[in-house]
Amino acid sequence: MAEKTPPPPSSSSNRRKARAARGQEKSLECRKEGPWSSSPSASSNKSPLQMVTPVQPTKSVDSPPQMVASVQLSKYDSLGTSCANVSVGSNSGAAPFDICGDSKCSVNVKPSLLEINREKRRAKERSNSVAQLQHLRPGMVLLKNFLKPDDQIEIINLCREVGVGKGGFYTPGYRDGAKLSLRMMCLGKDWNPDSSSYGDVRAFDGAEPPEIPEKFKELVQGAIGASHEFLKGRKGTSNPSVELPPMSPDICIVNFYTSRGRLGLHQDKDESQDSLTKGLPVVSFSLGDTAEFLYGDSRDDTKASKVDLETGDVLIFGGESRRIFHGVSQIKPKTAPKWLTDKSNLQPGRLNLTFRKY
């Protein structure tokens, strides 16, 4: 019996096969020319972070606050990058964070004459006023309005200049991928939140911490000196240097909190045992928006005392209060004086500098 010859394919079948072939050719062409051609292959010895092309500085986007344990953490960093692809404490490949933002992109609304005159009066009152000192507890002094307007502008400008360079602001994080809801920069020595230790270089990128500006050191010495003069006039204080020991800082941790920034109750106890035993104080500068500051003898915010830290305030705690639990429960939006934001272009939020001796 003769073998049957299969019928010729129909024209519709030919058209389907032709379309499929053209689709495969187009797909191959897209792979060759498309945006993913620079992605590392499975055999590549470079990580995805090493292949990232740096971008120009852009304004940061706040990360949603989530309180975890004693610090506020977020699963994703503020630039929307999955922490699974980011080194510990790093937002490598992202633009440097600028605390002063981009003035070219801002929309300036001309204030009324009434607002202008009101701001002028407030600025004059603050510049002419004498700092008010408060004794919060043994070894803890608050110097209200201690930093003068010109000093505040200079501090912000110096932090901005250093913060956009190597070793500048970054989003600190932990090995499990969680991140603090603030930007941090270390001066003098680097502090690693994941290991709770100090070092000479930053672990995730090898950057050396910038030096502490001499202007900052002068202001720290002035604040400690003013505290000693204040304590001399208090009854029961025989030796101010015992209650609040003198200190020359070699470490400064600079934090920038957005309007939704928080920091849970914690102790500053990673300095040397000698520094902690002597009770050498922590000196904290506040600039920008007002922060609600918590402090107490335990990690229990329901039992903690509260005080508002406004722009220009300096808080010092040492001696008996050196290891107090402290944190920031909230940042009060739009509380920074207009003269400060106009002259410095500081982004909405709070800039905080804490000085200490290793």
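Here are some short exercises on this predicted model, each followed by a worked solution.

Residues are numbered from 1 along each chain as its sequence is written, and side-chain values use heavy atoms, with hydrogens and water left out. Because the model is predicted, local features need pLDDT of at least 70 and side-chain atom pairs count only at pLDDT 80 or more, while totals for chains, interfaces and linings use all residues.

**Exercise 1. Take stock of the whole protein: how many helices and strands does the secondary structure come to?**

Start with the elements: there are 7 helices and 16 strands. Helices (H or I, at least four residues) and strands (E, at least two) are DSSP runs, numbered from the N terminus. Next, look at burial: 43% of the 358 residues are buried. Buried means under 20% relative accessible area, exposed over 50%, and partly exposed in between (1.4 Å probe, protein chains only). Finally, turn to contacts, meaning heavy atoms within 4.5 Å. Of the contacts between residues at least 6 apart in sequence, 76% join residues at least 24 apart.

**Exercise 2. Work out the strand order of the open sheet of 7 strands, and find which strands stand at the edges.**

Two strands pair if DSSP finds at least two bridges between them. Following the pairing gives the order 3-4-14-11-16-9-6, and the pairing is antiparallel. Strand 3 (132-137) and strand 6 (183-187) each have a single partner strand, so one side of each has no neighbour in the sheet. From one strand to the next, the twist averages 15 degrees; axes are lines fitted to C-alpha atoms, for helices over the stretch in contact, and angles run from 0 to 180 degrees between N-to-C directions.

**Exercise 3. Describe the surroundings of strand 14 (residues 314-317): what are its partners, and are its faces covered or open?**

First, the partners. Strand 4 (residues 140-144) pairs with strand 14 in the antiparallel sense over 4 bridges, and strand 11 (residues 282-288) likewise pairs with strand 14 in the antiparallel sense over 4 bridges.

Second, the individual residues. V314 has L143 as a bridge partner, and F285 also stands opposite V314. V283 stands opposite I316.

Third, the faces. In a regular strand the side chains alternate between the two faces of the sheet. Here V314 and I316 lie on one side, L315 and F317 on the other, and all are buried, so both faces are covered.

**Exercise 4. Check the length of helix 3 (residues 149-163), then follow I153 to its contacts.**

The expected span is 1.5 Å times one less than the number of residues. For the 15 residues of helix 3 this should be 21 Å, and the end C-alpha atoms are 21 Å apart, which agrees. Buried residues in helix 3 include P149, I155 and C159.

I153 lies in helix 3 and counts as buried because its relative accessibility is 13%. Not counting residues up to four places away in sequence, I153 touches W339, L340, K343 and S344. The C-alpha atoms of I153 and L340 are separated by 7.0 Å, although the two are 187 residues apart along the chain.

**Exercise 5. Search the structure for disulfides: how many are found?**

A disulfide is taken as a pair of cysteine sulfur atoms within 2.5 Å. The search of the whole structure finds 0. C186 is in no disulfide, and the nearest cysteine sulfur, that of C252, is 8.6 Å away. For C252, also in no disulfide, the nearest cysteine sulfur is that of C159, 6.8 Å away. C186 counts as buried at 3% relative accessibility, and C252 is buried at 0% relative accessible area.
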